Amino acid sequence: MDNTATDRFDTSRFEASRNRLASLAYRLLGSAADAEDAVQDAFLHWQAADRQRIQVPEAWLTKVVTNLCLDRLRSARARRERTVGAWLPEPLLDGDPMLGPADTFEQRESVSLAVLTLMERLSPLERAVYLLREAFSHSHAEIAEILDITESASQQHLHRARRRITAARRRGGGEVDPASARRVVEEFLAAATSGRTERLVALLTDDATAISDGAGLTKTLLQYDTPQRIAAIARAGFKPTPAKRRLAGGTPAIHYALVNGAPAILAVVGDQVVGAVTFDIANGKIATVRGIAAPTRLARLTGAWRQHEPDTPLIAQW
């Protein structure tokens, strides 16, 4: 096999792992853009390596991507960005290959916005061990090799990470019936757009929280922590005004969608997603509302939306 044929063969071996590597990087970093950068960096490492000496390419690539992501999480820039209250996970439309694998509850849960946010409280090693074990089914021996730690250390990191994730799972109530979730979200939208504050409060859990990125116009996240405050901000936020339409670049249609496995409503102008509101449902009520409208956080979701066949909008012209 000549060098050109060898390069083509080795490139195809990398491409066969690309989606899996991207889904690992996304879970570790919470950002599709950063995940794509990490995978591209891994490809450069792959090209520069003595590939004839790599016995199991999938394992080698997993180790490279994991450690590239850990380097990013440990960087001064990442620590600064993620501690000033301006960080939210990047939402992805269901069906995006970066959300896979999704065969088990643990795999699906690991890409929920709730768990991606919670993992900010874990150390980078705890985060990596948890994901490699729960989402990708690696043994502790394999994880120890990937992270250059002992098997007992891997087990300890997993125990600590599981304890925190399990606490969040109890609050979130586990998986939700899709039809019920959609009904709750549609009721929320109807109450918000009609200004029915009492109905909004009734749809929220007593300890509900809301988070917004302020469309990227604020340096820190906007947070609300009582049903009454959330209802007031939802009523104000969903009231259409000329100023909001100018900011959105037109008159949006409001669509129902699934984002990171959770119910969501998307504001769409033409084929551009200009806003996403996602919901965590617990026991038939809304536990968390996240508003995301910064264009940088919606780039990949918009790309997926353009390949998507949407249902009839909940509101054709908002």
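In this predicted model, Asp10 and Arg13 sit three residues apart in helix α1, which spans residues 3-29, and so about one helical turn separates them. The two side chains form a salt bridge, with their closest N and O atoms 3.0 Å apart. Side chains of opposite charge can pair when their charged atoms come close. The two partners differ in their surroundings: Asp10 is buried, with a relative accessible area of 2%, whereas Arg13 is partly exposed, at 24%. The value for Asp10 counts as buried because it falls under 20%. The pairing also extends beyond these two residues, as Asp10, Arg13 and Arg51 are linked in a network of salt bridges.

Helix α1 holds another pair of this kind. Glu15 and Arg18 are again three residues apart, about one turn of the helix, and their salt bridge brings the closest N and O atoms to 2.8 Å. Here Glu15 is partly exposed, at 37% relative accessibility, and Arg18 is partly exposed as well, at 24%.

How many salt bridges does a search of the whole structure find? The count is 18. One of them joins the side chains of Asp311 and Arg182, with an N to O distance of 3.6 Å. This pair links distant parts of the chain: Asp311 belongs to the segment after α14, while Arg182 belongs to helix α10 (residues 178-194), and their positions lie 129 residues apart in the numbering. Asp311 is partly exposed, with 48% relative accessibility, and Arg182 is also partly exposed, with 25%.

Asp311 appears once more in the surroundings of His255. The backbone oxygen of Asp311 lies 3.4 Å from a polar atom of the His255 side chain. His255 itself is placed in strand β3, residues 253-259. Is His255 buried or exposed? With a relative accessible area of 8%, His255 is buried, since the cut-off for a buried residue is under 20%. Beyond its neighbours within four places in sequence, His255 is in contact with a set of residues that includes Ala264, Ile265, Leu266 and Val268. Trp305 is another of its contacts, and the list also includes Pro310, Asp311, Thr312, Pro313 and Leu314.

A second buried residue worth a look is Leu116, in helix α6 (residues 113-118). Its relative accessible area is 0%, so Leu116 counts as buried. Leaving aside neighbours within four places in sequence, the contacts of Leu116 include Tyr26, Arg27, Trp87 and Pro89. Asn260 is also among them. The C-alpha atom of Leu116 is 12 Å from that of Gly261, although the two residues are 145 residues apart along the chain.

The next feature is an open space in the model. The second largest pocket contains about 1000 Å³ of space. It is lined by 37 residues, and those closest to its centre are Ser212, Gly237, Gly275, Val277 and Ala293. Several helices and strands supply at least two residues each to this lining, among them the strands β1 (204-212), β4 (262-269) and β6 (285-292), and the helices α12 (227-237) and α14 (295-305). Which element gives the largest share of the lining? That element is β5, with six residues. Sorted by class, the lining has 28 nonpolar, six polar and three charged residues.

Finally, a few places in the backbone deserve attention. A cis peptide bond joins Gly100 and Pro101, with omega about -5°. Pro101 is found in the loop between α4 (76-83) and α5 (105-109). Two residues other than glycine have a positive phi. For Asp148, phi is near 60°, and this residue lies in the loop between α8 (140-147) and α9 (151-172). For Asn283, phi is about 55°, and this residue lies in the loop between β5 and β6. Are these two loop residues buried or exposed? Asp148 is exposed, with a relative accessible area of 59%, and Asn283 is exposed too, with 77%. Both count as exposed because their values are over 50%.

Conventions
Residues are numbered from 1 along each chain as its sequence is written. This is a predicted model: local features need pLDDT of at least 70, side-chain atom pairs count only at pLDDT 80 or more; totals for chains, interfaces and linings use all residues. Side-chain values use heavy atoms; hydrogens and water are left out. On a 1 Å grid over the protein atoms alone, a cavity is a set of points where a 1.4 Å probe fits but cannot get out, and a pocket is an open set with protein on both sides within 12 Å along at least five of seven lines; lining residues have an atom within 4 Å of a point. Grid points are joined across faces, edges and corners, and a volume is the space filled by probe spheres set on the points. Helices (H or I, at least four residues) and strands (E, at least two) are DSSP runs, numbered from the N terminus. Ala, Val, Leu, Ile, Met, Phe, Trp, Tyr, Cys and Pro count as nonpolar, Asp, Glu, Lys and Arg as charged, and the others, Gly among them, as polar. Buried means under 20% relative accessible area, exposed over 50%, partly exposed in between (1.4 Å probe, protein chains only). A polar contact is a pair of N or O atoms within 3.5 Å; within protein, one must be able to donate a hydrogen and the other to accept it, and residues adjacent in sequence count only if both atoms are side-chain atoms. Contact means heavy atoms within 4.5 Å. A salt bridge is a side-chain nitrogen of Lys or Arg within 4 Å of a carboxyl oxygen of Asp or Glu.
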